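Here are my comments on the model you sent round. Please keep the sequence and the 3D view open while you read them.

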Amino acid sequence: MNQHAIRIRAALVAVLGVVLVACGADELPGAGTNTTEAAGAGLGSVCPNPVIVQTDWFPEAEHGATYELVGGDYAVDVENQRVTGSLVASGLDTGVGIEVRTGGPAIGYQPVSTQMYTEPEIHIGFVSTDEAVMFADDAPTVAVIAPLEKNPQIIMWDPETYPEAKTIADLGELGVTVNVFAGSTFVDVLVAQGILQADQVDPSYDGSPGRFIASRGEIAQQGFASAEPYTYEFVFQEWGKPVEFQLIHDAGFQIYGQALAVRAAGLDTFRPCLERLVPIMQQAAVDYARDPSRVNAMIVDVVDRYDSFWVYEQGVAEYSVATQLELGLVGDGPDSTLGNMDPTRVQAVIDAMVSAGMNVRDGLSAADISTNEFIDPAIGLGD
């Protein structure tokens, strides 16, 4: 489903209008965990102190479920771009601390998978499904929770230049140049499936708006549904109008973006902590969606203190949360549980990457890179 950018007023209404309730679901190990009870029991006896989480980029609202775990006593390490504080569960101190590390340029643009092996003190990292597949041999990880139900990545274009384009496949038929980050897995899959042609892919995208704006809409570009449609209309004044887009998810490549994973070899050692921590993380995603104001203020403050090229405004954060809910980027999927992963969907990603000729470990299965073992099926957003 492709949509025009959502106006910020409508976005805020969407946030305020969401009613969130916890619902039952299929039985899974760990069912029945109560977040308040888990917090009251404390994590000190089972979890490291602090729990160290490696993200894949600068702080942003898509990371909201993780920053929701950071208490109001947070401190910012500007030099190393890290946020530390008490690890809280629905505002209750769990007895251990948390450290959230910035990714992207802060770690030399290294994949989080390999960073977790370079710095083994990292306990949990943001590892999307396709990354887990690619590094299953050299840096194997297992996802334990997916705070985002749908990958926010999109291809976007100018609807005035290409009014007939409604999908990514339409861009392929029109031969539109698509500017993307080099090494983007979804591009190889879309090319292999004939949705795009190899000669229309330009892998020179660097994350800045300059190329798209300078082209006056002649090219298409990758982005996030929960960010670029807002920034191109309301922040980048040189453009200042809506863009059209389609989610990569809706084009058929359905990874779990920014899933939280642990090193495969460390899963057994970390299991007692994960049994309590993962339900707390599920509830954090619900809490953030219900009331993102505290965490959005934290994210904006942290980015401002980092004082780098990455700029993040309150309006973008508010739009992001609303859009995550509006498009189902955060949600319960086909059941009533937030954070669990569909093994069939994970396997389909593996199979698509194999069919695209990527270097995938022989016999790799969904169970090798993901597990619902620690998920509490009673925690969800509800209808």
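The numbered points below go from the whole chain to single helices, residue pairs and backbone angles.

1. Overall make-up. This is a predicted model, and the points below should be read with that in mind. The protein chain has 383 residues, of which 56% count as buried. Its secondary structure comes to 14 helices and 13 strands. Among contacts with a separation of 6 or more, 78% are between residues 24 or more positions apart.

2. A covered helix. Helix α9 spans residues 228-235 and is mostly covered, with six of its eight residues buried. The buried residues are E228, P229, Y230, T231, Y232 and E233.

3. Salt bridges in general. Side chains of opposite charge can pair when their charged atoms come close. The structure holds 14 salt bridges. Points 4 to 6 take up some of them.

4. The pair E99 and R101. The side chains of these two residues meet in a salt bridge, at 2.6 Å from N to O. Are the two partners buried or exposed? E99 has a relative accessibility of 12% and R101 has 5%. The cut-off for buried is under 20%, so E99 counts as buried, and so does R101.

5. The pair R290 and D287. Here the side chains form a salt bridge at 2.7 Å, N to O. Both residues lie in helix α10 (residues 267-290), three residues apart, which is about one turn of the helix. An α-helix has 3.6 residues a turn, so residues three or four places apart point the same way. The two ends of this pair are covered to unlike degrees: R290 is partly exposed at 48% relative accessibility, whereas D287 is buried at 8%.

6. The pair R305 and D301. A salt bridge joins these side chains at 3.0 Å, N to O. R305 and D301 both belong to helix α11 (residues 293-306) and are four residues apart, again about one turn of the helix. R305 is partly exposed, with a relative accessible area of 40%, and D301 is partly exposed at 23%. Elsewhere, salt bridges with shared partners join R82, E99, R101, E119 and E121 into one network.

7. Two helices that cross. How do α11 and α12 lie relative to each other? The axes of α11 and helix α12 (residues 314-326) come within 10 Å and cross at roughly 140°. Angles over 145 degrees would count as roughly antiparallel, so at this angle α11 and α12 are oblique to each other. Their crossing is right-handed. On the α11 side, N296, A297 and V300 take part in the contact, and they meet Q314, A317, E318 and V321 of α12. The residues of this contact divide into four nonpolar, two polar and one charged.

8. A residue to look at: V201. This residue is in strand β10 (residues 201-202). With a relative accessibility of 18%, V201 counts as buried, because the cut-off is under 20%. Leaving aside neighbours within four places in sequence, V201 is in contact with V178, V180, V187 and V191. As a separate check on distance, the C-alpha atoms of V201 and F181 are separated by 10.0 Å, and the two residues are 20 apart along the chain.

9. A cis peptide bond. Most residues other than glycine have a negative phi, and most peptide bonds are trans. The peptide bond from N49 to P50 is cis, with omega near 5°. P50 sits in the loop between α2 (35-41) and β2 (51-54).

10. Two positive phi values. Which residues other than glycine have a positive phi? One of them is S90, with phi near 50°. S90 is in the loop between β4 (82-89) and β5 (92-101), and at 46% relative accessibility it counts as partly exposed. Another is Y109, with a phi of about 60°. Y109 lies in the loop between β5 and α4 (112-118). Its relative accessible area is 54%, and the cut-off for exposed is over 50%, so Y109 is exposed.

Terms used: Residues are numbered from 1 along each chain as its sequence is written. This is a predicted model: local features need pLDDT of at least 70, side-chain atom pairs count only at pLDDT 80 or more; totals for chains, interfaces and linings use all residues. Side-chain values use heavy atoms; hydrogens and water are left out. Buried means under 20% relative accessible area, exposed over 50%, partly exposed in between (1.4 Å probe, protein chains only). Helices (H or I, at least four residues) and strands (E, at least two) are DSSP runs, numbered from the N terminus. A salt bridge is a side-chain nitrogen of Lys or Arg within 4 Å of a carboxyl oxygen of Asp or Glu. Axes are lines fitted to C-alpha atoms, for helices over the stretch in contact, and angles run from 0 to 180 degrees between N-to-C directions. Angles under 35 degrees count as roughly parallel, over 145 as roughly antiparallel, 65 to 115 as roughly perpendicular and the rest as oblique. A crossing is left-handed if the near helix is turned anticlockwise from the far one by less than a right angle, and right-handed if clockwise. Contact means heavy atoms within 4.5 Å. Ala, Val, Leu, Ile, Met, Phe, Trp, Tyr, Cys and Pro count as nonpolar, Asp, Glu, Lys and Arg as charged, and the others, Gly among them, as polar.
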